[in-house]
Protein chains: 2
Amino acid sequence: MEISVLRNVLDANDVIAKENRKAFDAHGCFVVNLMSAPGSGKTTLLERTLRALDGRLKAGVIEGDVQGSLDADRLARLGVPVAQINTDPHFGGECHLDARMVWHALPAIELDGLDLVFIENVGNLVCPASWDLGEDAKVVLFSVTEGEDKPLKYPKMFQQARCAVLSKMDLLPHVPFKVEQAVEFARRVNPELEIVFTSSVLDDGLEEWYGFLRSQLRRRSAA
Amino acid sequence: MEISVLRNVLDANDVIAKENRKAFDAHGCFVVNLMSAPGSGKTTLLERTLRALDGRLKAGVIEGDVQGSLDADRLARLGVPVAQINTDPHFGGECHLDARMVWHALPAIELDGLDLVFIENVGNLVCPASWDLGEDAKVVLFSVTEGEDKPLKYPKMFQQARCAVLSKMDLLPHVPFKVEQAVEFARRVNPELEIVFTSSVLDDGLEEWYGFLRSQLRRRSAA
């Protein structure tokens, strides 16, 4: 009973996700659904990325939070269009974005003329993986402070992702984190996963991240 | 419609949570529901705590994970009773424990003779706050690597908690984290919140954490 309710809800979600995808495609927007645990550095990576893209690609952001607009305010300062979704009407807040929320947010950003749209999901390694938003690619961040075992403990997230960003590499000397083991765990749940290693503080690895984005845009243009 | 389904599910949960609470009370167990984002250090804090309590208080653990038993295996090595709950049957896994899962786990640990039961919830700062498990106290961990804004972005978790453990204080010199601001944000959403500052690596602040646990047990005995 509980399962069939959930199944129906997810089926309904997929119908709306298809509409989102049509809207994004109609405007030629490549859409990245950025997911991670709380505090892994999604907003900081977006700040760096939006600055680096400035003048080369036009990007917009759909920002998902349980409450407030702290992250959207940070990103709006960079002069990019940002639409805020708050998930809080239901019992402390939904822990993920769904396609309907994104659909309702679309009028708040002008898709026309945008090359890239980043959707910053609610900080959560579980449920966001199950909800198609109409994006082209899912990306998961996890930081070296979180432990190597995250891909094994939250496998669906890593299975769904096209790219994993291992963030906060600058903290590596100070934490008992084995990069090789984390990579092995991530590839065990998703052998196709691209992995980039970044430090937004040191500006390390960001070129590889931009390279991933460019390769996705090229692949999209060629399709 | 969606709201009333959720409301009914939460009401049903509360009925089972009351049964859990009766079972815990009947055995004189004080129960702590430990919650945080993935990778904030719940299991490491539990390892330290179980070692420190050894010979003084008898403790058991109910371990919640989407998949696997990595954390339960770590804790079982300390010779304490551990019951594992996996939440994965539904679409990638439930992102929180509910009272029914805990109820089904109870036969796997012998409550009789236990003073304390720790429930390690699924790593998630959103939904676990909404599900009463029959615990006596909710405790939230967050680490200095996650940013000061977590209490404002996940307010229900901090409103529900009796104690917040600010973890990984050893990393403070390496991250742009303002402790005073984090405390101000946490107290803004919950003025009654007790806050302890820990480093499991340096064994710092753990006495304050044990002091919190002892005060809870005394308050319980006096009631």
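Which strands of chain A does helix H2 lie across? Helix H2, residues 42-53, lies across S1, S2, S4, S5 and S6 of chain A. Bear in mind that this is a predicted model. Below is a quick tour, starting with the sheet in chain A and ending where chains A and B meet.

**The sheet in chain A**

- Seven strands make up an open sheet, and their pairing is parallel.
- Reading across the sheet of chain A, the order is S3-S2-S4-S1-S5-S6-S7.
- Strand S3 (82-86) and strand S7 (194-197) of chain A sit at the edges, so to speak, each pairing on one side only.
- On average, neighbouring strands of this sheet are turned by 20 degrees against each other, direction ignored.
- At the S3 edge of chain A, strand S2 (residues 59-65) pairs with S3 in the parallel sense over five bridges.
- Within that stretch, Ile62(A) stands opposite Ala83(A) of S3(A).

**Helices lying across the strands**

- Helix H2 of chain A runs at about 165 degrees to S4(A), which covers residues 116-120.
- The other strands under H2(A) include S1 (30-36), S5 (137-143) and S6 (163-167) of chain A.
- Helix H8 of chain A, residues 206-222, lies across S1, S4, S5, S6 and S7 of chain A.
- With respect to S1(A), helix H8(A) runs at about 140 degrees.

**How the two chains are related**

- Chain B lands on chain A after a rotation of 180 degrees with 0.0 Å of shift along the axis, and the RMSD is 0.0 Å.
- The two copies are thus related as by a two-fold rotation axis.
- The copies meet through the same surface, because 100% of the interface residues of chain B are also interface residues in chain A.

**Where chains A and B meet**

- On the chain B side, 41 residues are in contact with 41 residues of chain A.
- About 3500 Å² of area is buried between chain B and chain A, and carbon and sulfur atoms give 64% of that.
- Four salt bridges turn up across the interface of chain B and chain A.
- One of the salt bridges joins Lys153(A) to Asp65(B), with the closest N and O atoms 3.6 Å apart.
- As for polar contacts, the count between chain B and chain A is eight residue pairs.
- On chain B, the elements giving two or more residues to the side that touches chain A are helices H1 (2-26), H3 (70-76), H5 (150-153) and H6 (155-160).
- H1(B) gives the largest share of that side, with six residues.

Key: Residues are numbered from 1 along each chain as its sequence is written. Chains are lettered from A and ligands numbered from 1 in the order in which they are written. This is a predicted model: local features need pLDDT of at least 70, side-chain atom pairs count only at pLDDT 80 or more; totals for chains, interfaces and linings use all residues. Side-chain values use heavy atoms; hydrogens and water are left out. Copies are superposed by least squares on the C-alpha atoms of residues with pLDDT of at least 70 in both. Contact means heavy atoms within 4.5 Å. Two strands pair if DSSP finds at least two bridges between them. Helices (H or I, at least four residues) and strands (E, at least two) are DSSP runs, numbered from the N terminus. Axes are lines fitted to C-alpha atoms, for helices over the stretch in contact, and angles run from 0 to 180 degrees between N-to-C directions. Buried area is the accessible area (1.4 Å probe) that two parts lose on being put together, summed over both. A salt bridge is a side-chain nitrogen of Lys or Arg within 4 Å of a carboxyl oxygen of Asp or Glu. A polar contact is a pair of N or O atoms within 3.5 Å; within protein, one must be able to donate a hydrogen and the other to accept it, and residues adjacent in sequence count only if both atoms are side-chain atoms.
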